[in-house]
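Visitor: I should like to go through this model with you, beginning at the ligand. Please give the reasoning with each reply.

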Amino acid sequence: MNNQCINCDCKSKPIKKLFVAQKNACSYYNVQYSPSRLVCEPCMQKSIRYFDIIRKRFKNQECILDGRHPKKRRNIIELSDSDDDGASNNATKPSTEDSNPQIAKLTILLNIILKDTVGPLLTKQDELCKNYLMFKRAKLATGKEIVDNLLREADEGLSQLYKDLYKFDNKKKFKFDKEISIVDNCVQCEYGDVDDVTIITTKQLPGLPLDLPVEGKLIRHLLKQGDKVYAMKQSLLHPWAEATIELAVNDTDRYFNIIFDDGEDAVLNYKNLAYIKATSDSQYPVGSRVIAKFQDVNIQLTDKFYVGVIAEPPKYLNNFRYMIFFDDGYTQYVYHKNIRLVCGQSPNVSDDVHENVREFIKVYLQKYPERPMVKFNKKQIVRTELNNIWRSAKVKNIDASLVQLKFLDIKNEHIEWMYRGSNRLGPIFNQLSSSNKNKRLRGSVLTDVNKLLNRPYIELENLTENNKSINITNSDNTRNTQENSGVIKSIKIPADCPKPLPYNTHQCSKFCMLWVNYDYSQTKYMNVLSIPLHFGFMRSIITDEKIKLKKVIYTTPCGCNIDNEGKMYKYLKVTGHGNSQMTIDLFNFDCMVDPLSSFCVPNVFIHIPDLSYEMEFKTISVVNSLNASVPKHMKYITNRKTTPNVNLNINSKFLCGCDCIDNCEDKKKCSCWQLTNEGPKNYPCYFKDHDDIGYSFKRLHKRVITGIYECNASCKCGKTCLNRVAQEPMKTSLQVFLTENKGWGVRTLADIPKGSFVCTFLGEVRTDKDAENDSSLNWGEYLAELDFIETVEEAKDGYENYVVQPEDESEDYTSSSDEEFSTSSSDDASDDPNWAIQCKMNMFDSKMSLRKNLQVTNTKIDGKHELSKLNIQQKDESEHKSLRRYLDNDCGSYTLDSKVSGNIGRYFNHSCDPNIFIQNVFIDTHDLRFPWVAYFALSNIPAGTELAFDYNYTIGSVKNKTLQCYCGAKNCKGRLL
Ligand SMILES: C[S@@+](CC[C@H](N)C(=O)[O-])C[C@H]1O[C@@H](n2cnc3c(N)ncnc32)[C@H](O)[C@@H]1O
């Protein structure tokens, strides 16, 4: 017997007297009826009250459903007891009443009466209940509709939020920096200093100067009697002086009688007169004839006006100053307020300028806005002409399009500001003299050798900026794009992955790692750097208290802490076994790299799940968040293909290999490492530390232009050897995506550490001739020249040009110390046989008294360079015989064509600020004509970033073809071709 009230929520405490619960009470409290059930008095009364209400409703023909009902209790597990069982057993027994015919008769009679009396009430109740339920159902349906609408609205709101969240906000990303490096115009600059203290100051970006008018049509007012003007006094090389117009001598040719303020009079053409005030209506366009105040040797502004031509408009990058080519050969930046417009000029302004600079200005204006300029880094050495002698000069400062050079091999110190496009600079001069040489039909996959060797190199002025209004908000970079519809997420390592054990003193062995069951084949969908974290390793960033620097620590499966690649390599070696050895490139000790960072794109944008159709170990999804298109078909290959005319022998018998059994750890003993090491020995300037050449723990931190020789099929070393990188399957998670303006591009889905191998560029190896004759290849956008030999030779050529010095050939030209350079050489060209070529023209003498005496200036932007002709001859004589001449004669050079067959490598776009670079690697052949082309990370690359390299196309090299560059880099040159 259960001594409890059947109401499980009974609040009567202490339990009052209990009664036997009737059927309706059991039904009210939702328990099965049994005679043994008990109910307390309050609960019994409650149930009686409820049924009273129901009864009344029934009787009054009101719907019994309309009202308060007891809550149905679910989840009540009834424990049956023996009494209950008994009760139910009893219930199934035929009762004595049923077997009694009298009682049965009475029962039937009762039923008939009930039917007659209660029947109509029941029918009515049935109808009422049906109506009630239908009403309730309709109410629910309306409610559901409202909820549905609300849900739809919430969905739309969410998807808008989602779009906004993933929208790539270019405005933000490409907004100009707040700071810019410029020369503080009136202070700071001191020519006298001999050390390398910078005179460039970083200052807050100035806004548009208030006195700078907008761009517009330049209006020259007619001169009339009594007008004040500036007038040329002696010659184009002298300062102009204030004067007054007396009268117009000849109206058609515009000659005027003028009187200078000192009383002297003259008759001058309006091309020799300038307005007294700066124009306020519009800016002076490039090519305007002007006079401007000059800065003296200390960059102090003087009151003297000299005549020149506007060469560069005021813009953000030059601190809203005009660059002016003065007739006397100087180039300076001048603010609008310090410039006056000359009252008239010829249709070709170069006709008006001094003959010394005429040709240079003519060509400059013809080509403008294309302006090849030398790109300098501070302290670089550049061959520069001074007084008709080629000398070495060191870069002290850079101010927009000007460079300040200090000449090194002369007795008297000479420092000079020069236009970076002046042909007095060796690189410009060389390019001009060899402009017909090395014309490429298509872009080389290799970057400019000079850039690579940290030497000054020529770069085209940023055309985009030139074409733009100086109004920054009109910048191209403000365009918005949806191409980056994705989000960075942090991967969670599943909880069931092995975790490091607590450390116990032990000697590490293969048993330390055995239990984590590492298997590379299971890692297809993992970020490469997250693989160890799935197999028992933990990676943490800690602050080293000693050096107060953050560093990365890996905890191994056996609990050891490791903080550098060397130790990790050793650990992997002793714990690795067979094919389950983890490789060192799965680890990275840079705090800036996050192994768990992952770029995710909504599935709706994924149009092809795997571009390689499982030919690569990693899947390469193709994403398009802009429209519904997919890339044109290309046969995906994982090995380069040869074409009939190409004699590429990849038989391993023709390769030499190493005998290493130590994973080629000892670079000095490995003959393959030694092959890599040999090349750069000829370039001590480029590579200082020979041990550092090539791969370091499977990463490549600096390009080796002389090529990398990996271990190969004839080597004795194993597959995990440290000298096998580009031959390994692609490990980086890459994605092809549609860009807004560049077609398809490639981005990384995970962080890539600097120096990591990304993938190779594959295609069909064709002879140049074959590719050139194939018109379907268009101008060659999917071609890459295999120009390894040319690049190495070019580097050699350039290198020799740069290392030859008059006094001591052994000196290191990249050195930062001035003292390393001889200053003993004379200004006399005859002392300097290697470099100096005596000019046939009698040029002006060299003096630093800048403009104090205008007749002694040496800072010609061009002048008549007889010198140039002589130098061309010298250069031609010194040219190298191509290495190709020593190779077989069957064909010249080769090209990789990925138009029809290729791999992911053909989708990489160009960037003027690249994040990957190309390395030539020799793997299946040592034939120098057939290197592999491999991409490596130039810097740490965050997940979601587009991977792009410098195509190094030569602008203008493809006839009738121009290609705008949309790389979006700050230093973008504006054009690819
Ligand atoms: C080797 S393909 C690169 C993949 C190409 N975007 C595609 O859709 O297949 C080279 C071509 O991509 C485009 N491209 C690459 N980089 C570019 C850039 N920075 N600006 C504009 N177009 C670019 C040019 O059309 C170029 O001819």
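Guide: We may begin with Lys742, of which a backbone N or O atom lies 2.5 Å from a nitrogen atom of the ligand. Please bear in mind throughout that this is a predicted model.

Visitor: How much of the ligand does the protein bury?

Guide: Two further backbone contacts may be named beforehand: an oxygen atom of the ligand is 2.7 Å from a polar backbone atom of Trp744, and a nitrogen atom of the ligand is 2.9 Å from a polar backbone atom of Tyr966. Taken alone, the ligand exposes 560 Å². Of that area, the share buried by the protein is 90%.

Visitor: Which residues come nearest to the ligand?

Guide: The shell around the ligand consists of 11 nonpolar, 4 polar and 3 charged residues. Of the 18 residues around the ligand, those that come nearest are Lys742, Trp744, Tyr782, Asn909 and Tyr966.

Visitor: Turning to the cysteines, how many disulfides does the structure hold?

Guide: A disulfide is a covalent bond between the sulfur atoms of two cysteines. For Cys508, the closest cysteine sulfur is that of Cys560, 3.7 Å away and therefore too far for a bond. Cys912 is in no disulfide either, with the nearest cysteine sulfur, that of Cys967, 3.8 Å away. The number of disulfides in the structure is 0.

Visitor: Is Cys912 buried or exposed?

Guide: The cut-off for a buried residue is a relative accessible area under 20%. Cys508, at 23%, is partly exposed. Cys912 has a relative accessible area of 6%, so Cys912 is buried.

Visitor: Why is strand 12 largely enclosed by the rest of the structure?

Guide: Strand 12 covers residues 322-326. Tyr322, Ile324 and Phe326 point one way from strand 12, Met323 and Phe325 point the other way, and all are buried. Strand 12 is largely enclosed because the number of its residues that are buried is 5 of the 5.

Visitor: Which residue is the bridge partner of Val309 in strand 12?

Guide: Strand 11, residues 301-312, pairs with strand 12 in the antiparallel sense over 4 bridges. Within strand 12, the bridge partner of Val309 is Phe325.

Visitor: Which residue in the turn between strand 12 and strand 13 has a positive phi?

Guide: Strand 13 spans residues 331-334 and runs antiparallel to strand 12, to which 4 bridges join it. In this pairing, Ile324 stands opposite Gln332. The two strands form a hairpin with 4 residues between them, and the turn residue with a positive phi, about 105°, is Gly329.

Visitor: Which residue stands opposite Leu786 in strand 38?

Guide: Strand 38, residues 894-897, is covered on both faces, with Tyr894 and Leu896 buried on one side and Thr895 and Asp897 buried on the other. Strand 36, residues 764-767, pairs with strand 38 in the antiparallel sense over 4 bridges, and Glu764 has Asp897 as its bridge partner there. Strand 37, residues 783-786, likewise pairs with strand 38 in the antiparallel sense over 4 bridges. The residue of strand 38 opposite Leu786 is Tyr894.

Visitor: Which are the edge strands of the open sheet with the order 22-23-24?

Guide: This sheet has 3 strands, and their pairing is antiparallel. Strand 23, residues 549-555, is joined to strand 24 by 2 bridges, and Tyr554 stands opposite Ile562 in strand 24. Each edge strand pairs on one side only, and the two are strand 22 (538-544) and strand 24 (561-562).

Visitor: In the open sheet with the order 32-41-42-35, which residue is the bridge partner of Tyr709?

Guide: This sheet has 4 strands with mixed pairing, and its edge strands are strand 32 (708-709) and strand 35 (757-761). Strand 32 pairs with strand 41, residues 916-922, in the parallel sense over 2 bridges. In strand 41, the bridge partner of Tyr709 is Phe922.

Visitor: Finally, the backbone nitrogen of which residue lies 2.8 Å from a polar side-chain atom of Asn624?

Guide: Asn624 is found in the loop between strand 27 (621-623) and strand 28 (635-636). With a relative accessible area of 2%, Asn624 is buried. The backbone nitrogen that lies 2.8 Å from a polar atom of the Asn624 side chain belongs to Leu626.

Notes: Residues are numbered from 1 along each chain as its sequence is written. This is a predicted model: local features need pLDDT of at least 70, side-chain atom pairs count only at pLDDT 80 or more; totals for chains, interfaces and linings use all residues. Side-chain values use heavy atoms; hydrogens and water are left out. A residue is near a molecule or strand if one of its heavy atoms lies within 4 Å of it. A polar contact is a pair of N or O atoms within 3.5 Å; within protein, one must be able to donate a hydrogen and the other to accept it, and residues adjacent in sequence count only if both atoms are side-chain atoms. Accessible areas come from the Shrake-Rupley method with a 1.4 Å probe; for residues, only the protein chains shown count as cover. Ala, Val, Leu, Ile, Met, Phe, Trp, Tyr, Cys and Pro count as nonpolar, Asp, Glu, Lys and Arg as charged, and the others, Gly among them, as polar. Two strands pair if DSSP finds at least two bridges between them. Buried means under 20% relative accessible area, exposed over 50%, partly exposed in between (1.4 Å probe, protein chains only). A disulfide is a pair of cysteine sulfur atoms within 2.5 Å.
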